Amino acid sequence: MKKFAKRGWNPGNPFGKVGTPELIGIIGTGRGTGVTHFSVMTAGYLSGVMRMRCAVLEWNHHESFSCMGAACSSGKKGENPFRVLETDYFSKAGIDTLLLCKKSGYHAVIVDYGTAKEGNLEEFFRCSRQFIIGSLSEWQIGEFLEFEKRGIKTEKSWDSLVSFGSEEARTSLEKRLKVPVRRIPFSIDPFSVTAETISFYEQLF
């Protein structure tokens, strides 16, 4: 049976000695579900509110971080990692980058795995916190439903989130799957931490 009770995650003492960082995996059931947006939002909450030292890894082939680095970083063009606000971002990441981050004093390492179809599920399932992001749009809900059913069948456990689609569709899917499907708060700027996003993450973590 899939477990969905709140985990009561303890981020530890952000000002004390760091042991093994919390590894947070984020993956989408399809393209355009908001995985990168959510990764940046999560880093903003953990670093800005929880005062944790964070790294975000782009473990996919989308090259979104290269564009973000050029637009947001005050460092040199093509610098990897680059820093935005209080978070370090690593583009074109893989196992070597992850091992480096585990030894670099981060409290949390957030990994953007792109989509489930890109072959990163094995690494995703190794994360201590796992977030699946789907869409309830008519042309994407099928992928989300298929992924969730597969998880229930194999007794995998993760947090299910959506950014798009109606509230009616979300509540209907919850009843159909018998698991919580949380809505990610709307945010134009993923770097901005609002009262709504703080409330959302307090419940999530």
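Hi everyone. Let me begin with a term: a residue counts as buried when its relative accessible area is under 20%, as exposed when that area is over 50%, and as partly exposed in between. Aspartate 159 has 5% relative accessibility, so this residue counts as buried. Please keep in mind that we are looking at a predicted model.

So who is the partner of aspartate 159? Its side chain meets that of arginine 182 in a salt bridge, with N to O at 3.2 Å. Where do these two residues sit? Arginine 182 belongs to strand β8, residues 181-183, while aspartate 159 belongs to strand β7, residues 159-162, so the salt bridge ties together parts that lie 23 residues apart in sequence. Unlike its buried partner, arginine 182 is partly exposed, because its relative accessibility is 25%.

Let's step back for a moment. How many salt bridges does the structure hold? There are ten. As general background, side chains of opposite charge can pair when their charged atoms come close. I have picked a few to show you.

My next pair is glutamate 86 with arginine 51, a salt bridge at 3.0 Å from N to O. Here distant parts of the chain are linked, with the two residues 35 apart. Glutamate 86 is in the loop between β3 (82-84) and β4 (87-90), and arginine 51 is in the loop between α1 (35-48) and β2 (54-58). Are they buried or partly exposed? Glutamate 86 is partly exposed at 35% relative accessibility, and arginine 51 is partly exposed too, at 38%.

Now for a pair within one helix. Arginine 170 and glutamate 174 form a salt bridge, and their closest N and O atoms are 3.2 Å apart. Both residues lie in helix α6, residues 167-177; they are four residues apart, which means about one helical turn separates them. Arginine 170 counts as buried, with 13% relative accessibility, whereas glutamate 174 is partly exposed at 25%. This pair also has company: salt bridges with shared partners join Glu167, Arg170, Glu174 and Arg183 into one network.

Finally, a word on cysteines. In general, a disulfide is a covalent bond between the sulfur atoms of two cysteines. How many disulfides does a search of the whole structure find? Zero. Two cysteines you can look up in the model are cysteine 54, which is buried at 0% relative accessibility, and cysteine 101, also buried at 0%.

That's my tour. Thanks for listening!

How values were computed:
Residues numbered from 1 in each chain as written. Predicted model: local features only at pLDDT ≥ 70, side-chain atom pairs only at ≥ 80, totals over all residues. Heavy atoms only, no water. Salt bridge = Lys/Arg side-chain N within 4 Å of Asp/Glu carboxyl O. Buried < 20%, exposed > 50% of the residue type's maximum accessible area, 1.4 Å probe, protein only. Disulfide = S-S within 2.5 Å.
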